[in-house]
Amino acid sequence: KAVFCTNVKPAFAAAKAVAEHETQKVMRRLSKDNVKEFGRKLGKVAHGNPLAVMQAIVVQIEAYTNMISPVCDAFKYLTALGYDVLTFVVIEKLAEGREKLKDDGQNVSLWLSALATFCGHLAKKYAGIELSTLLQYLVNTLKDNQSLDLLVLKELITRMTGNEALEDMSDAQVQAMGGGEALKSEAINFNSTMAPKVRSKGVARLRDALQRGAKGGDSLTVPLLVLIAQCRQAIIFKTDSKHLKLVSQLYDGCQETFFHYCDFLTQAYDDEKYAAMLPSLHQLVHDYGLEPGVVFHIYRPVLRHLKPRPQPTKEKPLDECNAAVALDVGGVKMTWAELLSEVRGMLPPDTWDALSPELYLTFWSLTAYDLHVPRVRYEAEVDKCRAALDVLDQQRDNAPAEVSKRRKERERLQTLIDTLQKELDAQERAVAARTKRLMIEKDHFLVNLANHPNSVTLILQECVFPRCVFSPQDAMYCASFIKRLHLLGTPKFSTIQYYDRVLKDLTQLVFSCTEYEAGRLGKFLNETLEQLSAWKDDQALYEKECHPLPGFNLSFNAGPETVAPKRCTYIDFVKLVYKMHLRIARAFVACLEGKEYMEIRNGMMVLTKMVKVFPRVTRIGGHTMRRVEKIKESDERGDLKTIAARYLAMLQKEKPTWQVDNVFNPYLPPDPKEKEAKEKEAREVKEKEAKVKEAAAATAREAAVRAKAAAAARAAEVAAKAKAKADAEKEKERVEKEREREREKVKEEAQASRGGGGNKRERDVGAGSKPAPAGVGKVLLKGLSVDAPEFTPTKTASVKEDAPAGKRSRRAGDEDDKPSGKERKEDREREKKEDRKEKKEDRKEKKGKDKDKDKEKEKEKEKDKEKDKDKERESDKEQRLREGALKETREREKRRRDDDAEGGNDDPKRRKSEENGGRGRGGG
């Protein structure tokens with residue numbers, strides 16, 4: 001800092017300012033698309049003044065995490081000095097003494113998370129980063145009990161080895177963790193794109209850096225391991241914070257890093273080198289002060305090579321059996337006597353009065369791999385690989401690059417299938433051998449103990465509860481180990497007492513867990529209750545796996561067994577499971593009604609993991625839902641509301657599978673209150689059914705009345721239509737008769753006119769008939785009077801001299817009756833006018849009809865009170881239609897008579913007469 005002080009060296013300060021300015025210019029334009037171009041510029045700027053450039057870049061990284069990837073890609077143009085300066089700047093930023101927690105005091109600062117991720121990317125990509133120095137810094141911080149910097153170690157392991165630390169694993173992933181290395185890798189790293197060669201190189205680089213240590217220092221592998229384990233235990237007592245949530249998060253983070261680091265060591269070293277590197281069990285427990293469970297976790301890869309202990313016989317006493325070699329791995333050679341002595345030194349002496357060191361050692365040295373073969377997971381992974389091979393075979397891209405890529409992928413999948421098959425066969429053999437070995441060793445687990453009644457309590461206290469919260473796979477292992485002890489028929493082991501004790505005092509156990517430990521405890525309880533439910537739901541399975549075995553004895557004889565012990569019957573077991581559910585319900589209701597944040601949160605976390613097996617009784621489920629709903633609605637803490645909402649959704653999904661008390665426990669005596677409630681419910685159901693029937697009957701009656709009224713209305717309408725039709729027929733007949741009479745009358749008049757000879761009008765006048773008014777003449781045509789203009793008969797201009805008198809007079813008469821051409825033209829024009837008038841009236845009438853129809857549609861929407869008026873309007877309408885039809889019929893008849901009258905000139909004789917008369921007139 002003194003170098004860049006403006007008062008001492010102004011030129012240096014100016015150079016620093018220029019370098020920072022150029023760095024900011026590059027950083028503003030740097031992205032994934034132009035890494036090559038601006039990476040060169042960045043390398044050029046950093047070549048002359050790397051310290052100023054790296055400081056500016058790290059400051060930028062702390063603020064913008066999305067710049068980590070492009071910046072790391074751009075660093076490939078740095079020199080070796082640049083990488084060393086970059087490592088120095090990162091360590092300097094980590095050790096500046098800044099606050100590593102946010103203002104709330106419960107979460108890690110963003111700058112620390114960004115730097116940890118940045119370190120992981122750098123260590124993965126560039127071998128020039130000095131990892132030994134960074135690891136030495138982490139060791140120094142752990143010596144000061146600063147566990148927050150373990151986030152950097154976690155990122156280093158994750159990025160360099162490709163193994164992610166998963167906490168919230170699915171049931172399938174947890175089961176796969178009990179298989180071989182290939183199955184575990186596929187279960188956890190199924191989305192990893194890291195090539196196997198890159199992964200192996202990263203593991204080797206990190207291992208060498210740990211083994212090499214800082215310059216002038218010792219190896220950091222074991223010190224780092226021991227410091228992480230010690231820090232895990234010290235967090236609870238030495239963290240200076242009043243927030244339990246922060247203490248829980250720090251403990252979970254340290255525990256996760258410890259497991260991650262142990263997995264890395266087993267991956268980086270074979271068992272021989274790993275055993276030679278570790279301190280002894282006694283040193284880890286007594287010199288370094290580690291918990292027995294942690295020590296066994298560290299030593300478990302070595303204990304896999306534990307040899308069977310010879311069983312004592314009459315010829316071979318116990319001391320001779322204990323003198324046999326137990327371990328001989330990597331220079332570590334121990335007899336059974338030495339090993340059991342170190343195991344006894346881990347716990348107080350009175351512990352071994354109720355628990356044998358053989359059982360304790362067996363429990364902590366085995367894993368899920370030794371007890372159960374996850375055949376389903378092996379088959380699922382093999383099927384997945386074969387499906388991927390089928391997809392590759394269906395691809396038809398023949399580009400050389402694609403063909404090579406498919407060939408490599410096909411080879412990888414086929415190799416993976418072969419590896420999984422070999423692992424499955426090897427694990428089946430290992431499980432069979434371990435089961436055979438346990439069948440021999442079980443007879444010495446719990447015999448000859450001074451305090452045998454407390455054996456189950458010590459198993460829970462020293463074995464099950466400490467290990468079931470280590471990891472999800474350890475939770476599954478604890479449940480499987482107890483089940484295996486029971487199925488092997490271990491003498492003096494009371495299974496029924498174990499299940500009764502494990503479900504007691506859950507409130508205190510849940511409250512003492514961290515967030516991750518609560519989830520693991522939930523998995524363990526889920527497996528336990530699932531096994532109990534399987535025995536309860538299937539009596540045949542219970543009679544096969546439980547009743548004949550000593551684990552379900554109600555008592556154990558202290559001396560020789562002269563009388564068969566009393567065993568737990570199926571009925572007693574069902575009642576016991578019911579009581580266990582009630583006990584669990586009381587424990588978790590107390591947690592949900594508590595005031596402490598961790599108590600409520602852990603309670604819901606455990607319940608979330610065991611939702612498929614608890615609650616199973618409707619009454620218990622109702623109590624639980626009411627408490628959780630209260631938390632969701634009234635609690636002020638947002639994370640608790642989120643967990644409560646999630647758990648409520650899961651409860652709603654499982655609610656249809658719940659059973660009432662008497663169904664879950666058929667042997668439960670009837671409750672008087674419940675019986676009364678059922679009777680009351682039955683009465684309410686009957687009353688409700690009666691009301692429904694009465695309402696249905698009333699509805700049916702109303703429907704019948706409406707149907708009857710509708711039928712009557714339809715009948716009246718049909719009758720009205722029939723009457724109208726009959727009236728129309730009668731009217732039609734009357735009109736036809738009238739027409740017939742008019743036709744006959746017209747014919748008679750026509751015959752009389754032709755038969756009398758001469759002009760009829762003159763005869764009528766001569767006879768003294770009254771003359772027509774001036775200018776008006778009446779012409780009778782087919783019974784209808786039509787106004788016609790007055791005309792006067794004219795005399796013929798000249799008549800032939802030799803024509804007979806009678807004939808001449810007839811022609812004259814015919815000429816007088818025949819209208820002139822002008823009169824006929826006027827008649828036709830008058831008829832056309834009348835036709836137009838009639839058509840106009842028809843159009844008006846049609847428009848009127850349309851308006852009436854619109855009115856009818858509107859009136860149909862009115863109430864039933866106006867139906868009578870509608871019927872009257874309908875009858876009036878029909879009457880108008882009949883009158884219109886009658887009028888139209890008359891008009892058509894009139895026009896036809898006119899046509900007939902005009903067509904009379906078509907008679908041949910008459911035409912000839914007219915032609916003769918016309919010629920005569922023309923000649924005159």
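Over the ring of which residue does the charged end of R98 sit? In this predicted model, that ring belongs to W111. The charged end of R98 is 3.8 Å from the ring centre. A second such arrangement involves K536 and F664. Here K536 lies over the face of F664, at 4.2 Å from the ring centre.

The overall composition is as follows. The protein has 924 residues, and 39% of them count as buried. Its secondary structure comprises 38 helices and 4 strands. Contacts between residues with a separation of 6 or more were also examined by distance along the sequence. Of these contacts, 73% join residues 24 or more positions apart.

Two helix pairs were examined in turn. The first consists of helix α13, residues 244-268, and helix α26, residues 515-537. Their axes come within 7 Å. They cross at roughly 70°. An angle from 65 to 115 degrees counts as roughly perpendicular, so α13 is roughly perpendicular to α26. On the α13 side, the contact is made by S248, Y251, D252, Q255 and E256. On the α26 side, E515, Y516, E517 and R520 take part. By class, this contact has 5 charged residues, along with 2 nonpolar and 2 polar ones.

S248 of helix α13 was also considered individually. Its relative accessibility is 5%. Buried means under 20%, so S248 counts as buried. Leaving out residues up to four places away in sequence, S248 touches T514, E515 and M598. Among these partners, E515 also belongs to the α26 side of the helix contact.

The second pair consists of helix α19, residues 357-365, and helix α22, residues 455-468. Their axes come within 11 Å and cross at roughly 5°. Angles under 35 degrees count as roughly parallel. The helices α19 and α22 are therefore roughly parallel to each other. Helix α19 contributes L359, Y360, F363 and W364 to the contact. Helix α22 contributes I459, E462, C463, V464, P466 and R467. By class, 8 residues of this contact are nonpolar and 2 are charged. No polar residue takes part.

Aromatic residues were then surveyed. The structure holds 25 aromatic pairs. One of them is formed by F493 and Y498. The ring centres of F493 and Y498 are 6.3 Å apart. Their planes stand at 40°, so the pair is tilted. Both F493 and Y498 are buried.

Ring pairs also link a cluster of aromatic residues. Its members are F258, F259, F296, W352, Y360, F363, W364, F470, Y477 and F481. Among them, Y360, F363 and W364 also belong to the α19 side of the contact with α22.

Finally, Q211 was examined. Q211 is found in helix α11, residues 196-212. Its relative accessible area is 42%, so Q211 is partly exposed. Q211 and V222 are 11 residues apart in sequence. In space, their C-alpha atoms are 9.2 Å apart. Setting aside neighbours within four places in sequence, Q211 is in contact with S219, T221 and Y269.

How values were computed
Residues are numbered from 1 along each chain as its sequence is written. This is a predicted model: local features need pLDDT of at least 70, side-chain atom pairs count only at pLDDT 80 or more; totals for chains, interfaces and linings use all residues. Side-chain values use heavy atoms; hydrogens and water are left out. Axes are lines fitted to C-alpha atoms, for helices over the stretch in contact, and angles run from 0 to 180 degrees between N-to-C directions. Angles under 35 degrees count as roughly parallel, over 145 as roughly antiparallel, 65 to 115 as roughly perpendicular and the rest as oblique. Contact means heavy atoms within 4.5 Å. Ala, Val, Leu, Ile, Met, Phe, Trp, Tyr, Cys and Pro count as nonpolar, Asp, Glu, Lys and Arg as charged, and the others, Gly among them, as polar. Rings of Phe, Tyr and Trp (its six-membered ring) pair if their centres lie within 6.5 Å; planes under 30 degrees apart count as stacked, over 60 as edge-to-face and the rest as tilted. Buried means under 20% relative accessible area, exposed over 50%, partly exposed in between (1.4 Å probe, protein chains only). A charge sits over a ring if NZ of Lys or CZ of Arg is within 6 Å of the ring centre and within 35 degrees of the ring normal.
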